[in-house]
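Reader: I have a structure to look at and I am not sure how to read it. Could we go through it one feature at a time?

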Amino acid sequence: MDEKEIEELLQKYYCKDMHYEDGRILGSMYTEPPKIALKAFFKFYQANLGNSGLYKGTAEMEREVVKFLLRLASGKENFFGHVVSGGTEANIIALWAAREMGYKRVLATKDAHFSIRKAANLLKLPLENIEMKRGKMNIEDLESKIKENDIIVATAGTTPLGFIDPIEEIGKICQMHNCFLHVDAAFGGYIIPFLRELKYTNKKFGFDIPAVSTITIDPHKMGMAPYPAGGILSRENIFEKIVIEAPYLIEEKNDSLLGTRQSGSVAAAYAAQLYFGWRGYKEIVRRCMENTNYLVKRAKEEKLEILEMPEMNIVNLKVENVKKVKRELYARGWAVSTNPKYSSIRIVVMPHVTKEVIDKFLDEIKNIKKNYGL
Ligand code: 0PR
């Protein structure tokens with residue numbers, strides 16, 4: 001085929017996909033990255049940190065991204081980290097290293113991301129459920145179940161509700177029992193530091209809590225980077241626990257989960273962080289929270305019930321027939337996600353979810369309610 005024909009064919013499929021810039025994807029933790037990040041992605045598409053000796057420039061950029069992630073996580077510059085393919089890989093690496101260090105069992109709530117269940121399953125680590133109290137880890141239940149050498153997974157920005165587990169209290173309990181504390185801040189890592197500066201919260205989630213061993217923070221969520229770009233950080237060098245010899249590579253070792261690593265996204269994450277900087281990310285969070293508050297206010301005016309007051313830019317609207325509403329919205333071109341156990345539809349107020357989008361969306365819900373009496 002000639003290029004023109006191929007382009008036409010690609011366009012046909014492109015039109016079938018949904019795109020962030022259309023503003024109708026309301027259940028995703030991603031958004032449209034800045035153009036300079038996409039430029040960086042394609043400039044470095046060959047880079048493969050699976051053989052980092054060939055890509056010294058990209059490896060230096062990875063260190064710059066990790067430095068920024070450490071700043072978000074209140075870590076020191078000499079802490080360790082990698083840019084990986086996403087939160088799933090980051091969570092697997094943390095639990096894998098912990099297992100290699102002799103920790104034996106995972107404790108997490110049901111609202112921990114499903115990648116924790118995947119990791120426990122792959123690693124053949126038993127997984128015990130910790131009860132929740134209003135969407136957060138219940139400290140009393142943790143205290144009654146915790147044993148020496150457990151791995152505790154706390155979440156800073158839960159997938160369903162955007163809640164922050166009581167990590168400082170969890171940390172104290174972990175220290176008393178000699179446990180490994182992993183914090184999944186895949187989503188919240190680029191939000192909570194700015195929520196603190198904007199006086200929305202005073203909560204900590206990072207290495208300023210002494211018990212925290214490892215943290216997941218994903219540039220491809222609120223870091224505005226194109227995927228695949230997750231981040232795994234650690235206080236001690238956990239990577240030497242999972243390192244494997246690979247004598248045929250330039251560096252002669254591999255200390256990650258994947259072999260070949262698409263690393264154009266490392267350059268892209270670096271470009272995004274240069275483009276926004278600390279101030280730019282703070283402004284993004286400020287705007288997302290302003291729109292979150294707008295959604296809550298407008299939903300209340302429309303007599304829609306908010307499940308719990310949001311702690312960050314995730315809003316849950318309680319509806320009776322969740323499946324039906326999701327289906328009806330999808331048929332009208334809207335993609336929301338749902339929390340069936342909370343009987344709610346979940347809106348992640350990413351930068352593409354503007355006030356105009358929110359108004360249009362609530363009009364749509366009103367129509368659906370009128371037509372179907374939901
Ligand atoms: N940890 C947390 C707290 C998460 O919310 C997620 C993903 C992960 C880890 C795993 O990260 P990766 O997906 O990068 O491996 N949470 C998103 C969610 O479930 C994933 C997502 C994003 C799903 C966009 C759908 C979608 O359209 O909402």
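**Salt bridges, domains and a ligand**

Author: We can begin with one pair: the side chains of K56 and E251 form a salt bridge, with 3.9 Å from N to O. Keep in mind that this is a predicted model.

Reader: Why does the pair of K56 and E251 tie together parts that are 195 residues apart in sequence?

Author: A salt bridge is called when a side-chain nitrogen of Lys or Arg is within 4 Å of a carboxyl oxygen of Asp or Glu. K56 belongs to helix α3 (residues 56–72), while E251 sits in the loop between β10 (244–245) and β11 (253–254), so the bridge links parts 195 residues apart in sequence.

Reader: How many salt bridges does a search of the whole structure find?

Author: The search finds 28.

Reader: How is the chain divided into domains?

Author: Domain 1 is assigned residues 3–32 + 277–372, and domain 2 is assigned 35–275. Their C-alpha centres are 26 Å apart. To the contact, domain 1 gives 31 residues and domain 2 gives 40 residues.

Reader: How much area do domain 1 and domain 2 bury between them?

Author: About 3100 Å², of which 65% is on carbon and sulfur atoms. On the domain 1 side, W278, Y281 and E311 supply 29% of the area buried against domain 2, more than any other three residues.

Reader: Which polar links cross from domain 1 to domain 2?

Author: There are 5 salt bridges across the interface, and 16 residue pairs are in polar contact between the two domains. E311 also meets K203 in a salt bridge, at 2.5 Å from N to O.

Reader: Which elements give two or more residues to the side of domain 1 that touches domain 2?

Author: They are α9 (264–301), β13 (314–318) and β15 (344–348). The largest share, 11 residues, comes from α9. Sorted by class, that side of domain 1 has 17 nonpolar, 6 polar and 8 charged residues.

Reader: Now the ligand. Which residues are closest to it?

Author: Of the 17 residues that surround the ligand, the closest are T88, T159, D184, H220 and K221.

Reader: Which atoms of the ligand do T88, D184 and H220 approach?

Author: Take them in turn. An N or O atom in the side chain of T88 is 2.5 Å from an oxygen atom of the ligand. For D184, an N or O atom of the side chain is 2.6 Å from a nitrogen atom of the ligand. H220 has a polar side-chain atom 2.8 Å from an oxygen atom of the ligand.

Terms used: Residues are numbered from 1 along each chain as its sequence is written. This is a predicted model: local features need pLDDT of at least 70, side-chain atom pairs count only at pLDDT 80 or more; totals for chains, interfaces and linings use all residues. Side-chain values use heavy atoms; hydrogens and water are left out. Domain bounds come from an automatic or database domain assignment. Contact means heavy atoms within 4.5 Å. Buried area is the accessible area (1.4 Å probe) that two parts lose on being put together, summed over both. A polar contact is a pair of N or O atoms within 3.5 Å; within protein, one must be able to donate a hydrogen and the other to accept it, and residues adjacent in sequence count only if both atoms are side-chain atoms. Helices (H or I, at least four residues) and strands (E, at least two) are DSSP runs, numbered from the N terminus. Ala, Val, Leu, Ile, Met, Phe, Trp, Tyr, Cys and Pro count as nonpolar, Asp, Glu, Lys and Arg as charged, and the others, Gly among them, as polar. A residue is near a molecule or strand if one of its heavy atoms lies within 4 Å of it.
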